[in-house]
Structures are given as C-alpha cells and as structure tokens.
Protein chains: 2
Amino acid sequence: MLAEIITIGDEILIGQITDTNSGWLGQQLSQLGIRVIHRASVSDQKDHIQKALLDAAQRASLVILTGGLGPTKDDVTKHTLAEYFNSNLIENKEVLQWVTEIFTKRQLPMLEENRKQALVPANCEVLFNRSGTAPGMWFDEAGVVYVSMPGVPFEMKTIFHEQVIPKLKARFVLPVIIHRTLQTIGIGESFLAKKMEAWEDALPDYIKLAYLPAVGAVRLRLSAYGTNEKQSAGEIQEHIDALYQLVGEYIYAEGEVSLPEAIGKLLTQNKQTLATAESCTGGYLAHLITSVPGSSAYYQGSVLAYANFVKTQELGVAKKTIETHGAVSEACVKQMAEGIRKKLKTDYALATSGIAGPDGGTTEKPVGTVWIALATPSETITKIYHMGDNRERTIQRTTLTALDLLRRIILKLPVI
Amino acid sequence: MLAEIITIGDEILIGQITDTNSGWLGQQLSQLGIRVIHRASVSDQKDHIQKALLDAAQRASLVILTGGLGPTKDDVTKHTLAEYFNSNLIENKEVLQWVTEIFTKRQLPMLEENRKQALVPANCEVLFNRSGTAPGMWFDEAGVVYVSMPGVPFEMKTIFHEQVIPKLKARFVLPVIIHRTLQTIGIGESFLAKKMEAWEDALPDYIKLAYLPAVGAVRLRLSAYGTNEKQSAGEIQEHIDALYQLVGEYIYAEGEVSLPEAIGKLLTQNKQTLATAESCTGGYLAHLITSVPGSSAYYQGSVLAYANFVKTQELGVAKKTIETHGAVSEACVKQMAEGIRKKLKTDYALATSGIAGPDGGTTEKPVGTVWIALATPSETITKIYHMGDNRERTIQRTTLTALDLLRRIILKLPVI
C-alpha cells in the first residue's frame, strides 16, 4: 500500500512557510501501515498541479493533497481537481449550511467568496471540516483514492483524524500494526537510550522502536507488526512492562497526553490546587497549565512578576533579598513560591526566576541560569538549572522542568 | 530561471525527521532571483531518484539535491548520479586528503567506508565541504546544472554559501525578483481580499500577490519579477503605497515582524509601559509579550486571575460586579484593566475575560464570548467579541485582538 503527498503553494516553494503537514501526514500514514514513497510541493499553477496528480497516480494508490483551498483568488486546487476528473463544480448544501452557520455565530457578514467555499467537484465526497470553512474532498477514481484537504494544519489534522482515517480503513486492507506511545520527561534522548540499551537490543524484529524528541521531552513509539491484533497487543505489553522497570519514573503518560494534562489529572484526583508566580517564563507556565480544558478546577491563578518591584509588592519578596542576592536567586524564588501560595491559598505553588537572555547574563549567572521553587503544604523545594542560551528554549525547558518537579513531588518520586 | 529541489531519504517521507533544507534553499534561491517551481522528496531507491532527476530536468535548468551522501549503506545518491550521467566513480585526491586529515586530527581510525567518501562521478566538479567529510558535486550537462549536497543542514548551508552561490552567479544570468511582506492584523482573509479587489485586479502580470493566513492574522506577499532591480523596487513600492491607502490601518509591520514585537517597538519609542490582567487567555497574552527579547523594558507584569476570588482580591473587582454581571462582563473586565494599571503604575493595561470552553457557555454567553478592556491614562476602552468554539484558537485570537486594540490606541487609529 503506497501513498504520495502533494502540497500546493508558492509560499512553501520559496520557503516563506515551512511545510509541517507532509511530515505529520507521513507519520500518520506510517502508523496506519501505509508507506509514503514520494512527496511533492508544487506551485499554485494548474498545469503543475495536474502533472503532479498524474505522476502520483502512477506511483501510488493513495494521493493526499494539502493547501490551496482558501477563499481568496490564489485558490486553484478545486478548479484543477474538477478539470483533472472531467467533472464540474457544484454547490454542496451541507457545506453551505455549515459556512453560513459559522458566519452567523461569529456575527459576521458572509461574502460571495465565503459562499464559494461550498463549491466542490461533482464527483467528490465531501469531508466535513469541523475546524474551518474549507471542506475536505475524497475522490475514488480508476483505483486511486485522492484526498484533498486545506493547508491550515489544525484544520487538516481534524479532517484527517475524523474523516480520512475511518474511510481509509474501510477502503483498503491495511496490515495490523499496533502502536503504543510513552511520554517521557526529565531525561535527554541519549541518556534514555543508554538506560534502555539492553532492552532495545532484545526487541524482536517485528517490534520497532522510535525516539521522537521534542524540546525538553522524548516520546517513545513502539510499533508491533503482525497479523493477529490480540497477540501483537499482548507482546507489546510485555515489553512495555519491562521498560517501566527500567525508566518508569520518567514516563508521565501513555498516548497523546501533554504534561500539563497529566498533572491536571493528578491534582483533580487528589482534590488539590495550584498557583504560580513567574518571572523568566513570562506567562508560559500559566499558559500551558490553562491550555488544558477544565484547568480552572485546580488552577487558581498567577502573578507574573516581570519587574522586580512586582516581586516585592505583589509576592512579598524582601527588598533586601533582591538587593543582596538578585532576583535570580534561591532566596528570591523561594519567597515567590511561598508568597503566591499564601496569597492564593493553594496546596502547591510553582515559581520561576532566571535569565532567559539574550541580555542580562553575567559571569556568575550566565544566560540560561534558572531557579525553580515548589512550595508544598510541608516544605519548599528549590533547584537551580542551566538551560542554555536560546531564549525560547529556556522558557520552554524551564516550564516543563517546573511541571515535572510538581509531578515528582505529587507522586513521591525522587527530585532530579 | 527555474529551479527544482530534491531531497532524498525515507526518514523524511515517514516524517521521522523534518525537512528544513528545502525551505531554506527556497529562501536562498528566491533571494538570488531563481524561482523554485517544484520540490520532491524521494526514497533512497535508485529508480525513484532517477525518475525525479529526469522529471526535474524537464522543468528546471537548476536541480538541487540534498541527502543520501553519508558514509553508511543507505547512501545511493552518488551511484545513482554516476549511472544517470553514464559516468563512473573515481577517487578524488583532494577529497581523500581532506577526509584523511579530519580523521588524523580527531585521532580516529579511518574505515573503508570513510575512504569511499572520496569517490565521485568522473563528470562532476567537486564542491569542497569545509564542515564535513561528504563532498558536494556540481554537474553541468545538456544545459541543466545539477548540484548535489549532503543532507546535514550545516554542511549543506556551508557548501551552498561558499561554493554554490558564486558558481550560480557565474553560470547564469539571474533575473531580479523582489519580495515584500506586509503583516496584517484585525481582518479576515476574505474581507481583506474584498477591500483589495480592485487594487489586486490592476496588478501587472509580473507582480504576484499571495495571501498567507495564520490564526487571527494574514500576511501579504508581493513579488515583482523583472530585470532591473531599481525599477522593480520602485514599481512594487508604488503598489504598496496604493495598498496602504486602502488597508493601511490593518498593516502593523513589514517583513518578518511579530505583532508583540511591533507593539514593543511602539512602547519603547514612546517610553510607555504596559501591564496585563488575564482570565480566559490564561497567561498567553503575557507569554507573547515576553517572548520578545528586551520586553522587560516596557512590560511590568500581570495578574492571572483565573479563579474569581483572585479577580476581587488582587485586582479590586467588586464582588457585587461578579455577582450581578458575572466574571465575563464589561464591568468586570473594565475593573480588571483599571485595577492592574493602578497596581503596577503603567501607562497601559490590557485585560481579558471570556469563556474559552469547551464548558462554561450559556445561551446568553455562549462559548467564545470574550470581553477585552484597555485602560489608558485618559480612558478605558471595552469591547465584546465572539471567538468561536475552539479553546486554543479563542485564546490565540483574543490575545492578538487585545494586542491590536493597544496598537490602534497608541497609533490613534479607529477601534474595531
């Protein structure tokens, strides 16, 4: 079962936007047991798109297109597809209704351009786009399935998950592949690999392991290839059980669960509350915590004390502490955590203070120096870290490290 | 002058590594006035690479390959190129000497695999790789130039800058392409397009326009194709001047500038300060503001009042206001903005309060209802918005809308 991915748009070719859709689709298709053999990015011109479609249909039985489905004039994909299939564009009632609903809800006038979004080639099945106005399309012609989706990543992902995967499973005979994803935090890829070395070497041929690193975290994906779903599931479980013995303390969740979600679950279970006091993370810690739906059940709020006077005025940090030790110090971050915990009357409080850079570093405290504190009902834990000299990554790493500290304390794991 | 980029490697197709080379090369080539009309990613198989080369040579006069030049067994690019050109592999003395030197310096034994790196097709010109052991290659055959480089980004970039650019300038008469990017905020793609319709219709053939939408914002890219740089720059400027007459109030910057950066610049110029009080945006507003290096010069801090008691206790919102009107109300958000402005003694203060969802909506205040307030030295402006029912996007849109409100007030533009 071979597939090809085509992305449409000059903005990709000239490197103005990065094509993340192709990689994501490649991962998704691999997990379904579908092999991607070719990827193409073409300009917004009809003849280029047509040539790419013809070539793809010779190589693959599944052709996935993204991009070129917006409401403006540089949208050509739909017209090209209609021509390619010797079809014509017709207005789809369901799509029109959906687009109208969206505009009504947002209390915006609907323009002719928006109405045109309901036009689709007559020979397609519409793939409902819950996240936007441009519909996805499914064509099944001469033994080849073509799927066209808008290029906006979250719209494309929603359509793929909700509409395309079920239809692919129904249309093609796909191999049995069982995937399990383990989310780890607090250990780098190479250190993790070293701890898992003997375990990994003992994996049978039909079970594959992939390390999927991101900033501050590593996902492990185990894939078992077989013919019997139950047997594969049992075997993969045995290997995962063994893996927990080795690196269990770093695994915070299974499946597509974020660290703030996992922590939200723990706090909800324990009926405990959380507050934060941020300096160098600048609101990113609060943002990750509140990105979880329902977080208001355990998260009370935060003081972002970016200026030093806010640390003393709002969090009760002693002026003398800042004068003597500076804002990036153990004493300051401890008082920040204890100050916000007392103020918002929570069980836990996390605080961060560091030098995100690019400016503000000294020989003693170089850029990337970060203090994190966690105030609990019984004690306040403080730790210093060195996060490197990239501002964005320092903010991300500090935030994840703070959340992992909280996770370890809640679960009574050793602090690292 | 047309170019095509081919990347080689299964790891790209299955999305295990992200192809950043193609985008980077697209940018570089555009700046040289070379138009990329196609990108392909192919697997490590000879026949796939050969097919891609043949196709590319029909479309473009410059074909750039990256990947598949490592010392391990999955390297096939060199053999494929030799076959494609009916050439054979010969040992290149300079490359062998360079590879030997590297291993001597690192005090590592040289393996047979490493010696093989000095093998190149007889018909190529070697492109010296100062950053690694795999050489780049330049072929000039039947009117088409082929450039092959290793896939490791920093090696590829070094070879491209030091070797390829000078050779391209010598080999081709390059046209002039001028790109200009305008960042807009506060207007949807279709509404923007409507306002620009007559202007867009009047663009000459050699000036192209692209809409590049993201959540809550649209970038406009104008590209002028010509032969005379000064003339093209002048013409594109005339069209941009005309565009400013039409939609100038929505354009917050030119080039690759984010909205928080643009606002940071305005505040710095005016020597003014900012604070925030967030509820539904959950820290994301603070995060975007503090993601700008140097933001501590104008941004003092924030109270994230997620729980209602924090709104009354920390921001001075009257209990009665919340009891009577709810936390998502004009009166509440106004008091939040005024409360934090007074507390942190800033010129401006932004506040957000809304229902991000998925829960918490009512018939009167459905999910997506958001109040934003901006307190200034002279007045407090409040506005209600309906942001739709996706939590993540409501947070993003509310944040950008709040920042745009501030931009409009600073610039004395009408509030929308």
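**Figure 1. Contacts along chain A of the predicted model**. Take the contacts in chain A between residues at least 6 apart in sequence. Of these, 66% join residues at least 24 apart. The chain holds 16 helices and 17 strands. Its C-alpha trace spans about 80 × 60 × 40 Å along the principal axes.

**Figure 2. Inside and outside of chain A**. How much of chain A is buried? Buried residues account for 57% of its 416 residues. The chain also exposes about 17,500 Å². Carbon and sulfur atoms supply 51% of that exposed area.

**Figure 3. Charges of chain A**. Chain A carries 42 positive and 45 negative charges. Each set has a mean position. How far apart are the two mean positions? They lie 6 Å apart.

**Figure 4. A cis peptide bond before Pro358(A)**. Look at the bond from Gly357(A) to Pro358(A). Is this peptide bond cis or trans? The bond is cis, and its omega is near 0 degrees. Where does Pro358(A) sit? Pro358(A) belongs to the loop between β15 and β16 of chain A. Strand β15 covers residues 348-354, and strand β16 covers 369-375.

**Figure 5. A cis peptide bond before Pro358(B)**. Now turn to chain B. The peptide bond from Gly357(B) to Pro358(B) is cis. Here omega is near 5 degrees. Pro358(B) is placed in the loop between β15 (348-354) and β16 (369-375) of chain B.

**Figure 6. Positive phi at Lys345(A)**. Lys345(A) is a residue other than glycine, yet its phi is positive. The value is near 50 degrees. Find Lys345(A) in the loop between α15 and β15 of chain A. Helix α15 runs over residues 330-344. Is Lys345(A) buried or exposed? Lys345(A) counts as exposed because its relative accessibility is 58%, and the cut-off for exposed is over 50%.

**Figure 7. Positive phi at Lys345(B)**. Lys345(B) is not a glycine. What is its phi? The angle is positive, at about 50 degrees. Lys345(B) lies in the loop between α15 (330-344) and β15 of chain B. Why does Lys345(B) count as exposed? Its relative accessibility is 58%, and exposed means over 50%, so Lys345(B) falls in the exposed class.

Methods
Residues are numbered from 1 along each chain as its sequence is written. Chains are lettered from A and ligands numbered from 1 in the order in which they are written. This is a predicted model: local features need pLDDT of at least 70, side-chain atom pairs count only at pLDDT 80 or more; totals for chains, interfaces and linings use all residues. Side-chain values use heavy atoms; hydrogens and water are left out. Helices (H or I, at least four residues) and strands (E, at least two) are DSSP runs, numbered from the N terminus. Buried means under 20% relative accessible area, exposed over 50%, partly exposed in between (1.4 Å probe, protein chains only). Contact means heavy atoms within 4.5 Å. Accessible areas come from the Shrake-Rupley method with a 1.4 Å probe; for residues, only the protein chains shown count as cover. Lys and Arg count as positive and Asp and Glu as negative; His and the chain ends are not counted. The place of a charge is taken as NZ of Lys, CZ of Arg, CG of Asp or CD of Glu.
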